[in-house]
Amino acid sequence: MEGKEASTSSFQMKDVKSETPPSSSSDSSNNLETTSGRRSMYGTCVTAVDLINHILIVGVTVFLLYYSMRSFGVTDLHVTLCTVGYVLLMSEAIVVLADGSSLTNFLTRRAKSHVHWILQLLGAICVVAGIVPMYQAKTFHFQSIHAILGIASTVIMLFLVAFGYPVFVAAKLRAVIRPVVIKFSHNFLGISCFVLGMASQCYGYKKSWLTYVSHVPNIQLICIVVTALITILSLRGALPTLFKQFMTMFR
């Protein structure tokens with residue numbers, strides 16, 4: 001009898017265990033679902049931010065080109081080329097490297113790098129071509145904040161164009177210098193060049209040309225705010241990367 005009771009009790013305990021669901025597996029599946037949901041939400045937010053940024057970039061570029069290409073004066077040429085160089089090409093060149101970019105997810109990292117330097121080179125050509133006729137037309141140079149910021153950005157830009165190749169072969173130069181140092185320097189100078197150029201663009205909006213050709217109320221303030229927003233949104237990937245590179249250098 002005692003043996004029967006023992007076997008019966010053990011059988012009942014097995015039933016109880018079998019009826020109790022494994023909590024660990026359910027918890028892990030819930031965690032996976034939560035993580036997947038967060039990633040999906042993050043991806044949606046990144047896509048929305050990029051979409052807004054692309055719209056603003058195209059909007060400002062088209063707006064300024066609409067007025068600057070109606071005549072062929074030196075100022076009009078300057079505005080046209082510098083707007084295309086900074087607002088359009090350089091903004092998109094930085095955005096293309098950001099992770100999760102909705103327009104370049106299908107590209108490999110290497111392909112993104114090639115698109116980046118091509119857009120940067122085209123942007124540099126446009127900016128230089130826009131500065132030269134304005135420089136030739138003026139007697140006194142670099143006396144305004146707009147001009148000082150613009151030439152500072154251009155100098156950094158030309159340096160990056162001339163010495164950008166080491167970034168592609170940073171791994172091969174490991175014996176001479178750490179790759180992270182090369183990439184941090186390039187990233188820092190690139191961000192500085194872009195920010196200075198976009199700040200120069202904003203100071204350019206304060207010139208009388210914009211209000212004279214457009215006659216839109218508060219157009220100077222609107223263009224400044226939108227261009228500043230484009231600058232911030234375009235650097236959403238570059239600034240965290242710069243911080244990570246900075247921290248890695250001291251490890």
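Me: Which helices are included in what covers the buried residues of helix 5?

Reply: This is a predicted model, in which local features need pLDDT of at least 70 and side-chain atom pairs count only at pLDDT 80 or more, whereas totals for chains, interfaces and linings use all residues. Residues are numbered from 1 along each chain as its sequence is written, and side-chain values use heavy atoms, with hydrogens and water left out. Among the residues of helix 5 that are buried (under 20% relative accessible area, against over 50% for exposed and partly exposed in between; 1.4 Å probe, protein chains only) are His 146, Gly 150, Ser 153 and Met 157. Their cover, judged by contact (heavy atoms within 4.5 Å), includes helix 3 (74-95), helix 4 (109-137) and helix 6.

Me: What distance does helix 5 reach from its first C-alpha to its last?

Reply: Helices are DSSP runs (H or I, at least four residues; strands are E, at least two), numbered from the N terminus. Helix 5 covers residues 145-162, which is 18 residues. The expected span is 1.5 Å times one less than the number of residues, here 26 Å, and the reach in the model is close to that, at 26 Å.

Me: Why does the pair of Phe 184 and Phe 188 count as stacked?

Reply: Rings of Phe, Tyr and Trp (its six-membered ring) pair if their centres lie within 6.5 Å; planes under 30 degrees apart count as stacked, over 60 as edge-to-face and the rest as tilted. A search of the whole structure finds seven aromatic pairs, one of which, Phe 159 with Phe 163, is tilted at 4.9 Å centre to centre and 40° between the planes. The ring centres of Phe 184 and Phe 188 are 6.2 Å apart, and the pair is stacked because the angle between the planes is 15°.

Me: Where do Phe 184 and Phe 188 both lie?

Reply: Phe 184 is buried at 16% relative accessible area, whereas Phe 188 is partly exposed at 44%. An α-helix has 3.6 residues a turn, so residues three or four places apart point the same way. Phe 184 and Phe 188 are four residues apart, about one turn, and both lie in helix 6 (residues 179-205).

Me: How far apart in space are Gly 164 and Lys 183, C-alpha to C-alpha?

Reply: Gly 164 sits in the loop between helix 5 and helix 6. With a relative accessible area of 12%, Gly 164 is buried. Gly 164 and Lys 183 are separated by 19 residues in sequence, and their C-alpha distance is 9.8 Å.
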